[in-house]
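I set out to look up two things in this entry: the surroundings of the ligand, and any enclosed space inside the protein. My notes follow in that order.

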Amino acid sequence: MSTTKGLEGVIATESSISSIIDDQLTYVGFTIDDLAENSSFEEVVFLLWNKRLPNSEELKEIKSQLNQNMELPKEVIDHFKSYDLKTVHPMAALRTAVSLLGLFDSEADEMDPSANLRKAVRLQAKIASVVTAFARIREGKEPISPKSDYSYAANFLYMLNGKEPEAIEVEAINKALVLHADHELNASTFTSRVCVATLSDVYSGITAAIGALKGPLHGGANERVMKMLTEIGEVDNAIPYIKEKMANKEKIMGMGHRVYRKGDPRAKHLKKMSKELTELTGQSKWYEMSVKIEDYIKAEKGLPANVDFYSASVYHSLGIDHDLFTPIFAMSRFSGWLAHMLEQYDNNRLIRPRAEYVGPKNQYYVPVEER
Ligand SMILES: CC(=O)SCCNC(=O)CCNC(=O)[C@H](O)C(C)(C)COP(=O)(O)OP(=O)(O)OC[C@H]1O[C@@H](n2cnc3c(N)ncnc32)[C@H](O)[C@@H]1OP(=O)(O)O
Ligand SMILES: O=C([O-])CC(=O)C(=O)O
């Protein structure tokens, strides 16, 4: 047997959801550039779950289904209120809340495709409410109900801030959601597929995937990017700071990727938004700092900025708490996880690779009193 550390380059499944070929990302054959410029997040959700774009009736229907399912059970709200949330990371709260939501879903263990699609709608709808309810409750505020005529992105901002969002804010969140929705067999998506390949339920699959996304080598990097930018503080400090990190062999968050070599095609959209929003809010230093870091790491290590890098300054410009950055990623990636789990159920086989044993051999048991 031979091993590939981190399963690099291993083709573990067939999928017709998204593809990365020659640094180009597509969802069901549509380029990410086309979707980022033209589509709504709801349209992308439909695309990933049905593997085709919706017509206008179907788009209206998915929007209304998502809106109608956003309300959370009172028990989830009460659960949040029963903790001292100041010490709780929102990704941990989200992981717990999804598991809890499963207890209120009478179809949680139903396995037929239509039941799984209904659960997908309920889960996708409720995650925006979970993230925003958590954010408000920890500030001592009451959660806000969604508006039936708002888009998914607008409702997220409305439920978070309690005021009508500006068009540019909605556009930024919508685009970020489109860009993060799916990404082939990334670590959290693989986790969700491994979980449901045992024929476990989608709540278990999503809970496992949230755990995988939380880590700093994956979705957790966006929060760390903003921590780094904040530590740097001023544009002139950027390169000395990065040089020191690299001399200490520390990784620069938001840089590098397992699959992309030349560049992450999502990053340019976030970079453009970062420029616009930081200028608009008089905080262009975050964008300028980010560009300096990106150029330096590219020149020194040949590593590209990934999707997490510029999303940090985008969300910061929208006034969003830094520890909510990864939950926003999760909110979008729910759609991809659900698509992959539906695909896995559709053509399932248990995922069970092998390990090459490298531990000691031929040992003899010695009774504990003689050791
Ligand atoms: C949505 C997402 O999940 S995108 C990724 C988000 N994660 C991050 O931004 C965290 C920072 N980046 C990283 O840790 C990595 O680039 C990963 C995890 C994304 C990819 O990792 P891998 O494919 O396993 O690459 P690996 O960690 O083996 O790195 C290969 C080489 O590049 C270097 N490298 C990779 N990323 C970075 C980085 N961000 N900063 C500095 N050096 C880096 C490694 O030190 C290593 O160098 P060496 O060969 O001299 O030892
Ligand atoms: O594909 C990966 O390894 C990580 C990533 O960019 C994502 O999940 O969006």
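I looked first at the residues around ligand 1 in this predicted model. I found 18 residues around ligand 1, and the nearest of them are His218, Lys251, Ile252, Met255 and Arg258. I then sorted this shell by class: nine residues are nonpolar, five are polar and four are charged.

Next I looked up the polar contacts of ligand 1. The side chain of Lys251 places an N or O atom 2.6 Å from an oxygen atom of ligand 1. Lys251 is also listed among the nearest residues. Gly254 contributes through its backbone, with a polar atom 2.8 Å from an oxygen atom of ligand 1. For Met255 I noted a backbone N or O atom at 2.8 Å from a nitrogen atom of ligand 1. I also recorded the burial of ligand 1: taken alone it exposes 910 Å², of which the protein buries 67%.

I then turned to enclosed space. How many cavities of 30 Å³ or more are there? I counted one, and the largest cavity holds about 40 Å³ of space.

I listed the lining of the largest cavity as Phe80, Pro90, Ala93, Leu94, Val130, Val131, Phe134, Leu324 and Pro327. Two elements, α5 (90-103) and α6 (113-137), each give two or more residues to this lining. Which classes make up the lining of the largest cavity? I found nine nonpolar residues, with no polar and no charged ones. For the shell around ligand 1, by contrast, I had noted five polar and four charged residues beside the nine nonpolar ones.

How values were computed
Residues numbered from 1 in each chain as written. Chains lettered and ligands numbered in written order. Predicted model: local features only at pLDDT ≥ 70, side-chain atom pairs only at ≥ 80, totals over all residues. Heavy atoms only, no water. 1 Å grid on protein atoms, 1.4 Å probe; cavity = no way out; pocket = protein on both sides within 12 Å on 5 of 7 lines; lining within 4 Å. Points joined across faces, edges and corners; volume = space filled by probe spheres on them. Helix = DSSP H or I, 4+ residues; strand = E, 2+ residues; numbered from the N terminus. Nonpolar A, V, L, I, M, F, W, Y, C, P; charged D, E, K, R; others polar. Near = heavy atom within 4 Å. Polar contact = N/O pair within 3.5 Å; in protein donor to acceptor, adjacent residues only side chain to side chain. Areas by Shrake-Rupley, 256 points an atom, 1.4 Å probe, with all protein chains shown as cover.
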